[in-house]
Amino acid sequence: MKKVTISTLIKMKQQGERISMLTAYDASFAKLFDEQGVDTILIGDSLGMVLMGEDDTLPVTIEQMVYHTRSVRKGTQRAFVIADMPFMSYATTEQTFTNATKLMAAGASMVKMEGGSWLLDSVRGLAERGIPVCGHLGLTPQSVHKLGGFKVQGREEQQADDLLKQALALEEAGAQLLVLECVPTSLANRVTQALSIPVIGIGAGPGTDGQVLVMHDMFGISANYMPKFSKNYLAICGDIRKAVALFIEEVKQGKFPTDEESFS
């Protein structure tokens, strides 16, 4: 199968083909996901919670992200690889350029950053320097203390309008992908329709251009809790490879998520 690139993902949005994404943190699982045909692999700073047992993602360092990015790249042949920029690794444009370079050198094809309007200069600077950027709006786990917990975002009209404006601004600044986390389905649909770049949902309803899950959630083995927006595919299939294949199939066919895994 041909290698997935950002051009592939944009074409998939244009053609109405849904994009599948899973997190991975090592070569073995990356190889397994890649062989099953997942479109995109995300090295998420979620590793702080699912691998390290932390209460949130804040303790994760750039060095840890570089290590796991290099590991995932070793196991990946086809899928598009995205790496998270961890907490406070992109507080200034200079920090952003330095740390994004480390992740790209470790094997990422794109870096992901959480936030809206305050990130525009950094997004623009990275895009100008040839580093692809994925934005992340809605529930941004690195801001969990400011948000008052892991809560659905964008339910109020003003908040929803502001999120849409920030999404458009990120695209204008040069972001080529956007993750929307824990927002009402109606808002996710508005954002997806307004943007020309692919929008990947997690707890954002079935109307986005694609879906992402944390692998530990998909297998029902997360140390802390199972979020409402996840689904235990391993319990359904009893086999890891079949579970991954079913997730990809249900994303492609628009069967996941259902209303049960979404927010109103």
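Helices and strands are taken here as DSSP runs, helices of at least four residues and strands of at least two, numbered from the N terminus. The model under discussion is a predicted one.

With these elements in hand, the pockets can be described. Helix H3 (47–50), strand S4 (110–114), strand S6 (177–181) and strand S8 (210–213) each contribute at least two residues to the lining of the second largest pocket. This pocket holds about 530 Å³ of space. Its lining comprises 33 residues, and those closest to the centre are Ser46, Pro141, Glu181, Val214 and Phe229. Sorted by class, the lining of the second largest pocket contains 18 nonpolar, seven polar and eight charged residues.

The largest pocket has a volume of about 630 Å³. Around it stand 22 lining residues, with Gly115, Thr140, Ser143, Lys146 and Leu147 nearest the centre. Strand S5 (133–138), helix H7 (144–147) and helix H8 (157–173) are elements that each supply at least two residues of this lining. In the largest pocket the lining divides into nine nonpolar, ten polar and three charged residues.

Helix H8 also carries glutamate 171. Is this residue buried or exposed? Glutamate 171 is buried because its relative accessible area is 17%, and the limit for that class is under 20%. Leaving aside residues up to four places away in sequence, glutamate 171 touches Leu195, Ser196 and Ile197. Aspartate 209 is 38 residues away from glutamate 171 along the chain, and the C-alpha atoms of the two are separated by 15 Å.

Aspartate 209 appears again among the neighbours of threonine 192, which touches Lys13, Val199, Gly207, Thr208 and Asp209 when residues up to four places away in sequence are not counted. Threonine 192 belongs to helix H9 (residues 185–194). With a relative accessible area of 6%, threonine 192 is buried. Its side chain reaches the backbone oxygen of alanine 188 at a distance of 2.7 Å.

The cysteines may be considered next. How many disulfides does the model contain? The count comes to zero. Cysteine 134 is in no disulfide, and the nearest cysteine sulfur, belonging to cysteine 182, is 16 Å away; the cut-off for a disulfide is 2.5 Å between sulfur atoms, so this pair does not qualify. Cysteine 134 is buried, at 1% relative accessible area. Cysteine 182 is likewise classed as buried, at 6%, whereas cysteine 237 counts as partly exposed because its relative accessibility is 25%.

Some features of the backbone remain to be noted. Most residues other than glycine have a negative phi, and most peptide bonds are trans. Cysteine 182, in the loop between S6 and H9, has a positive phi near 50 degrees. Methionine 88 also has a positive phi, near 60 degrees, and is located in the loop between strand S3 (80–84) and helix H5 (93–106). Neither methionine 88 nor cysteine 182 is a glycine. As for the peptide bonds, the one from phenylalanine 256 to proline 257 is cis, with omega near 0 degrees. Proline 257 is placed in the segment after helix H12 (240–252).

Technical notes:
Residues are numbered from 1 along each chain as its sequence is written. This is a predicted model: local features need pLDDT of at least 70, side-chain atom pairs count only at pLDDT 80 or more; totals for chains, interfaces and linings use all residues. Side-chain values use heavy atoms; hydrogens and water are left out. On a 1 Å grid over the protein atoms alone, a cavity is a set of points where a 1.4 Å probe fits but cannot get out, and a pocket is an open set with protein on both sides within 12 Å along at least five of seven lines; lining residues have an atom within 4 Å of a point. Grid points are joined across faces, edges and corners, and a volume is the space filled by probe spheres set on the points. Ala, Val, Leu, Ile, Met, Phe, Trp, Tyr, Cys and Pro count as nonpolar, Asp, Glu, Lys and Arg as charged, and the others, Gly among them, as polar. Buried means under 20% relative accessible area, exposed over 50%, partly exposed in between (1.4 Å probe, protein chains only). Contact means heavy atoms within 4.5 Å. A polar contact is a pair of N or O atoms within 3.5 Å; within protein, one must be able to donate a hydrogen and the other to accept it, and residues adjacent in sequence count only if both atoms are side-chain atoms.
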